[in-house]
Amino acid sequence: MVNNAATLGRSGVHDFIIIRVAGINLALYAIFLLGFFLTNDVNYLSWKSLFSNLGMQVFTIITLLSLLAHVWIGMWQVLTDYVKPVGLRFILQLALNAAAFSYVIAGLVILWRV
Amino acid sequence: MKKQRPVNLDLQTVSFPLTAIASILHRISGVIMFVATGILMWFLAESLSGPVGFANVQELMGSFLAKFIFWGILTALAYHLVVGVRHIVMDMGYGEELDQATASAKFTMIASGVLSFLAGVWVW
């Protein structure tokens with residue numbers, strides 16, 4: 001069995017499952033938000049009340065964590081295919097994962113203040 | 001050295017099958033959305049910061065550039081989502097034959113094209 005330390009899962013099969021489960025959650029969130037935009041008169045009050053809801057806050061944080069897992073694996077797949085020098089790939093993946101982590105932290109802080 | 005070895009590496013004569021194009025676009029749309037999430041997080045923060053921030057976002061979304069970027073993000077999302085669903089359907093063992101895969105790749109392109117058009121209508 002081939003293990004690679006730079007990706008998220010413990011094995012390819014683990015990665016396979018994580019990226020799909022996370023992807024399904026991301027799809028559901030996108031469809032939910034689209035539904036909100038299409039069925040509501042979106043103004044500051046309705047927008048704020050949506051994100052003040054505990055369920056929506058949990059859904060948003062889970063979605064950002066799904067995004068972190070999804071891009072960690074997805075970017076690893078893309079980088080290992082196209083960026084061959086290990087040092088450069090290491091730096092790129094570190095930067096991209098740091099950005100993905102930042103999205104999660106930003107989401108937590110934004111929702112904390114709503 | 002044998003003379004009959006294949007030496008055709010002229011990329012002009014080699015073309016990607018539709019399934020390969022569907023795959024590479026899936027990657028490109030994913031990378032685009034990853035970067036775009038940074039923009040979306042800023043929009044979320046500003047729109048929830050207060051009535052003034054929300055009005056700022058509304059005003060910004062009135063500009064052509066912002067609408068165009070938003071339309072681009074929605075197009076990447078539509079494509080990535082449709083092809084992602086195709087991926088999962090194929091994981092479950094459906095449509096794995098070459099002709100079926102080509103047909104479903106064609107379908108995802110058409111479907112996401114339609115969704116992209118609808119997104120454009122919605123944004124403008």
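Modeller: pLDDT is the predictor's confidence in each residue, from 0 to 100. Chain B averages 92 on that scale, and 95% of its residues score at least 70. The structure is a predicted model, in which local features need pLDDT of at least 70 and side-chain atom pairs count only at pLDDT 80 or more, while totals for chains, interfaces and linings use all residues. Residues are numbered from 1 along each chain as its sequence is written, chains are lettered from A and ligands numbered from 1 in the order in which they are written, and side-chain values use heavy atoms, with hydrogens and water left out.

Colleague: What are the scores for the model as a whole?

Modeller: The ipTM is 0.92 and the pTM is 0.91. As for the per-residue score, where pLDDT is low, the predicted coordinates should not be read in detail.

Colleague: Which elements make up chain A, and what makes a stretch count as one?

Modeller: Helices and strands are DSSP runs, numbered from the N terminus: H or I over at least four residues for a helix, E over at least two for a strand. By that rule chain A has 4 helices and 0 strands, in the order α-α-α-α. Chain B likewise has 4 helices and 0 strands, and its elements also run α-α-α-α from the N terminus.

Colleague: How do you know whether chain A is compact or spread out?

Modeller: The radius of gyration is taken over C-alpha atoms, and the globule rule is 2.2 Å times the number of residues to the power 0.38. For the 114 residues of chain A the rule gives 13 Å, but the value is 17 Å, so chain A is more spread out than a compact globule. Its C-alpha atoms fill a box of roughly 50 × 25 × 20 Å along the principal axes. For chain B, with 124 residues, a compact globule would come near 14 Å, against 20 Å in the model. The C-alpha trace of chain B spans about 75 × 35 × 25 Å.

Colleague: Why is R20(A) said to form a salt bridge with D91(B)?

Modeller: A salt bridge needs a side-chain nitrogen of Lys or Arg within 4 Å of a carboxyl oxygen of Asp or Glu. The closest N and O atoms of R20(A) and D91(B) are 2.3 Å apart, so the pair meets the cut-off. R20(A) lies in helix α1 (residues 12–39) of chain A and D91(B) in helix α3 (residues 64–91) of chain B, so the pair joins two chains.

Colleague: Why is R20(A) called buried or exposed?

Modeller: Buried means under 20% relative accessible area, exposed over 50%, and partly exposed in between, with a 1.4 Å probe and protein chains only. R20(A) has 18%, so the word is buried. D91(B), at 34%, is partly exposed.

Colleague: How do you know that R27(B) and D81(A) meet in a salt bridge?

Modeller: Their N to O distance is 2.8 Å, inside the cut-off. This pair also crosses between chains, from R27(B) in helix α1 (residues 18–48) of chain B to D81(A) in helix α3 (residues 54–82) of chain A. Both ends are partly exposed: R27(B) has 24% relative accessibility and D81(A) has 39%. The count over all chains is 2 salt bridges, and the count between chain A and chain B is 2.

Colleague: What makes up the rest of the interface between chain A and chain B?

Modeller: Contact means heavy atoms within 4.5 Å, and by that measure 31 residues of chain A are in contact with 23 residues of chain B. Buried area is the accessible area (1.4 Å probe) that two parts lose on being put together, summed over both. Here it comes to about 2,200 Å², 78% of it on carbon and sulfur atoms. Y44(A), Y103(A) and I110(A) lose the most on the chain A side, together 29% of what that side buries.

Colleague: Why does T60(A) count as buried?

Modeller: Its relative accessibility is 4%, which falls under the limit for buried residues. T60(A) lies in helix α3 of chain A. Leaving aside neighbours within four places in sequence, T60(A) contacts Y29(A), F51(A) and L111(A).

Colleague: Where does I19(A) lie, and what does I19(A) touch?

Modeller: I19(A) lies in helix α1 of chain A and is buried, at 12% relative accessibility. Not counting residues up to four places away, it touches H70(A), I73(A), G74(A) and Q77(A). The C-alpha atoms of I19(A) and I73(A) are 6.7 Å apart, although 54 residues separate them along the chain.
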